[in-house]
Amino acid sequence: MLERIKAFLARCGEIWQGQSRVKKVAWISSLVSLLIVIGIVTYLTTRIQYGVLFTDLSDADAGSVVETLKSEDIPYKLGDSGKTILIPQDKVDQTRIDLAVDNKLPDSSTGFELFDNTSVMTTDEDRKVMYQRAVTGELERAIESLNEVQKAKVMLVMPSQSVFSDSGNAKKAKASIVLTLKSGGISGETVQGIRSLTTGAVEGLTQDNVKIVDDNGNLLTSSGGSNSSSGYNTKYMRIKKAYESTMEKKVKKLLAPIYGTNKIRVSIDLNLNFDSIENKSTKYSNPNIRSEEEQTTGNGSAASGESANSATNATASSSSSGDGSYSRTVNNELDTQVTKTINAPGAINRMTTSVVVDGSLSQTDQEQIQNVIQSAIGYNQGRGDTINIQGIDFARKNKTSSSKTKKKTSKSNFIWVYVVGAVGVLIVIGAVVFTIMRIRKNRDTEYYDDYDVTAEEESQKLNNNLTDPVEEEVKPKTDLEKRKKKVTEDENAKKFAGEHPEVVAELIKAWMKEK
């Protein structure tokens, strides 16, 4: 086996040595180009794709996460001046889960687990500080669990209590909370809930001493423990937007099958009344006589009858020429009905609807669309509702630019791999074609060069043989060698004359001219 390998290598060496310089350069260029292409394709397909693990980290949190990654032998990269940590894309989810299990997530609050590792040497003052930190961490976790809150920061002031201090002049606990809200904002009820949650978790803390602000510095609470007016406004604005969105979807659902989803735009504005109204009415009916009273007086005498609890009194009296008089009182019983009505807030005062359709609309089309919309949204002309319908040509988008922007980043990497591979293949093919053309050209050049050299040498030999036969005979050689040489030269001359008759003819012409 070893001998075969040596023989193969020797054969390859011979073939390589037999190649011309141009061929060697072409083959080396092709091999180098192929290796470069293979290296680039291998790098693009096997390189590590990094994904973001955490962003906007503090120096302490970034250092803690980096130490954990080093201990787990996970490659990482730092960006944004150390505030962003990147690791291989396929390990992002698992690493986050592992950090959460080990309670090593950045910005993670620490609760009552602080007391899990307390030692005997812990003092009462240390325990107070640990208790304050634990309550702060538990409050942050509870507030961050709300749907409207993305991140919470709680700061507590818990003054030390003493048995010798006057309860009336004792300092009260205070709390300040900073909320990072999600895009939907926060309602007043949620703010009040956070306030109540905080006061319930801290001893001696009142709602007046709890201040809540958002990440923009806007105060979300007001004095007296009541919600701020901004909370109410946020709540009512959400109700208004939800109502408008529902009405717009109804109109779009009706017009989309006719004109297409992308060819209609609907906007509905509602003027809602959020005042709560309470009405009370009393109705009397069906009077019935419950009791009667008659009274007659004359000459100082009187007779009377009386009944209590009368609802209605009717009195009749008469007099005569004498000193007597007469009166009659009737007591009626009535059916009473009391009605109490409370109107809930959110009634529509006025509705304005605007519809724009791509293209031109005739008067008939506008009237038909208006009739359909009136039935769908509950149009009421008495409260001042209006509907405006217009047909206008929409602006056209550049399809080429929009299609380019829709390409995903992940696919672009593979496209670059294909491009580089195609370029490499073209380079190799070009090198091979160049080599073949050079070989053909060299063959033609060598053929003509060999032809000229051979013709010149044969002509010179023939000339020497024909012009100086005597000098050859003078040389000290044996007769046998002379005859062999003569025969060989004659055969060569005949062979040359047969192969190159044109050259021989030119030589004969030259000799004839000289003579």
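Two strands are said to pair if DSSP finds at least two bridges between them. In this predicted model, strand β12, which spans residues 347-358, meets that condition with β13, to which seven bridges join it. The two strands run parallel. One of the contacts along this pairing can be picked out by eye: V355 has I389, in β13, as its bridge partner.

A wider view places this pair in an open sheet of three strands, ordered β7-β12-β13 and mixed in its pairing. The edges are formed by β7 (264-273) and β13 (386-392), each of which pairs on one side only. From one strand to the next, the twist averages 10°. Helix α8, made of residues 363-377, lies across β7, β12 and β13. Relative to β13, helix α8 runs at about 140°.

Attention now turns to the nonpolar interior. In soluble globular proteins, nonpolar side chains tend to be buried together. The largest nonpolar core here has 20 residues, and the members that touch the most others are I143, I177, L179, I186, I194 and I212. At least two residues of this core come from each of α5 (124-144), β4 (149-157), β5 (174-181), α6 (188-201) and β6 (210-214). L179 offers a good place to look around: leaving aside residues up to four places away in sequence, its contacts include I143, I186, I194 and I212. L179 also touches K151, D214 and D215, among others. A second core, separate from this one, holds 19 residues, including L272, I369, I377 and I389. I389 is thus a familiar name, as the bridge partner of V355 in the sheet described above.

A last stop is the loop between α3 (59-71) and β2 (77-79), where P75 is found. Is P75 buried, partly exposed or exposed? With a relative accessibility of 32%, P75 counts as partly exposed, because buried means under 20% and exposed means over 50%. Not counting residues up to four places away in sequence, P75 touches Y50, L86, I87, P88 and K91. P75 and I48 are 27 residues apart in sequence, while their C-alpha atoms are 9.6 Å apart in space. Y50, one of the residues touched by P75, also has K77 lying over the face of its ring, at 4.9 Å from the ring centre. Aromatic pairs, by contrast, number zero in the structure.

Technical notes:
Residues numbered from 1 in each chain as written. Predicted model: local features only at pLDDT ≥ 70, side-chain atom pairs only at ≥ 80, totals over all residues. Heavy atoms only, no water. Helix = DSSP H or I, 4+ residues; strand = E, 2+ residues; numbered from the N terminus. Axes fitted to C-alpha atoms, helices over the stretch in contact; angles between N-to-C directions. Contact = heavy atoms within 4.5 Å. Phe/Tyr/Trp six-rings, centres within 6.5 Å; stacked < 30°, edge-to-face > 60°. Lys NZ or Arg CZ within 6 Å of the ring centre and 35° of its normal. Core = buried A, V, L, I, M, F, W, Y, C linked by side-chain atoms within 4.5 Å. Buried < 20%, exposed > 50% of the residue type's maximum accessible area, 1.4 Å probe, protein only.
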